[in-house]
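Me: I have just opened this model and would like to get my bearings before I go back to the bench. Could you take me through it, one question at a time?

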Amino acid sequence: MICFLFSGFSFEKYQQGESLNRKRELITKQVRENKGSAVHGAKQMKFNIVNEIKLTYSREGNAEKLITNSNDAVEVFRAHFDSGEIDYRESFYALYLNHAHKVLGIKRISESGISSTLVDIRIIMQAALLCNASSLIVAHNHPSGNLKPSCEDVKMTNKIKDASEFLNIQLLDHCILTSTEYLSFADEGLL
């Protein structure tokens, strides 16, 4: 919102979605039209411009697949991992579920190098909140073909678990995939 206070005059005018240039044009025009008031009231001018944040989530095309075990989750993840790159570079995905463990959506969190990927927990939680997820499952691949979780994998899982618990969202599993196999933290008792 743009608000001008000239001596005895208030100007609040623009339509949502107008460009910043259009807003500047309106301001310049108003200052020219009110020469005396503008000069006197310039010290009283207030600028209150704040960026508007818009977050969206759409359930269009959602099959609402039920996840009952790690194999169901891995099936969904494999459908979204690029099969041509699963043995080439690491990617990290999050699968969001409702209270009945039906899929709300999946999001690629990161895609990086050959032996690691950067994961921002805030992005994982942002999407979980946006789609009103009750639980989530995360997964990443190991291009090396080694299913053993690294120390960093365990640390990241614990950080995601802590953030999830804070937001009352349950982390159900963390799966590590290769092109042919997978490891489930939940199945192995690592979660």
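Me: Let's start with one residue: what is the relative accessible area of His101?

Reply: A word on the ground rules: this is a predicted model, with residues numbered from 1 along each chain as its sequence is written, and side-chain values use heavy atoms, leaving out hydrogens and water. Local features need a pLDDT (the predictor's confidence in each residue, from 0 to 100) of at least 70, side-chain atom pairs count only at pLDDT 80 or more, and totals for chains, interfaces and linings use all residues. On the scale used here, buried means under 20% relative accessible area, exposed over 50%, and partly exposed in between, with a 1.4 Å probe and protein chains only. His101 counts as partly exposed, and its value is 27%.

Me: And where does His101 sit, and what is its phi?

Reply: Helices and strands here are DSSP runs (H or I, at least four residues, for helices; E, at least two, for strands), numbered from the N terminus. His101 lies in the loop between β3 and β4, which form a hairpin with five residues between them. Although His101 is not a glycine, its phi is positive, at about 65°.

Me: How many bridges join β3 to β4, and how many join β3 to β5?

Reply: Two strands pair if DSSP finds at least two bridges between them. β3 and β4 run antiparallel, and Phe92 has Ser110 as its bridge partner in β4, one detail of a pairing with seven bridges. β3 also runs antiparallel to β5, where Tyr96 has Leu136 as its bridge partner. The counts are seven to β4 and six to β5.

Me: How many of the residues of β3 are buried?

Reply: In a regular strand, side chains alternate between the two faces of the sheet. In β3, one side carries Ser91, Tyr93, Leu95 and Leu97, the other has Phe92, Ala94 and Tyr96, and both faces are covered. The buried count is seven of seven.

Me: Which element gives the most to the largest nonpolar core?

Reply: A nonpolar core is a set of buried Ala, Val, Leu, Ile, Met, Phe, Trp, Tyr and Cys residues joined through side-chain atoms within 4.5 Å. The largest one has 20 residues, and Tyr96, Ile124, Leu136 and Ile160 have the most contacts inside it. β3 (91-97), β4 (103-111), α4 (121-130), β5 (135-141) and α5 (151-166) each give two or more residues. The element that gives the most, with five residues, is α4.

Me: What arc do the buried residues of α4 cover around its axis?

Reply: The buried residues of α4 are Ile121, Ile124, Met125, Ala127 and Ala128. What covers them includes β3, β4, β5 and α5. They lie on the same side of α4, because their arc (taken from the directions from the helix axis to the C-beta atoms) is only 160°.

Me: Which residues does Ile124 touch?

Reply: Contact means heavy atoms within 4.5 Å, and residues up to four places away in sequence are not counted here. Ile124 is itself buried. Its partners are Phe92, Ala94, Tyr96, Ile109, Val119, Leu136 and Ile160.

Me: What comes after α4, and how accessible is that residue?

Reply: α4 is followed by Asn132, found in the loop between α4 and β5. Asn132 has a positive phi of about 55° although it is not a glycine. Asn132 counts as exposed, with a relative accessibility of 62%.

Me: How far apart are the closest N and O atoms of Glu75 and Lys65?

Reply: A salt bridge is a side-chain nitrogen of Lys or Arg within 4 Å of a carboxyl oxygen of Asp or Glu, and the model has six of them. Glu75 is in helix α3 (residues 70-80) and Lys65 is in the loop between α2 (35-41) and α3, so this pair ties together parts 10 residues apart in sequence. Both are partly exposed, Glu75 at 46% and Lys65 at 29%. The closest N and O atoms are apart by 3.5 Å.

Me: Which residues do salt bridges with shared partners join into one network?

Reply: Arg122 and Asp120 meet in a salt bridge at 3.0 Å, N to O. Another salt bridge links Arg89 with Glu85, with closest N and O atoms 3.0 Å apart. The network consists of Glu85, Arg89, Arg108 and Glu111.

Me: Which stretch has a pLDDT below 50?

Reply: The mean pLDDT of the protein chain is 79, and 66% of its residues reach 70 or more. Where pLDDT is low, the predicted coordinates should not be read in detail. The stretch with pLDDT below 50 is residues 1-17.
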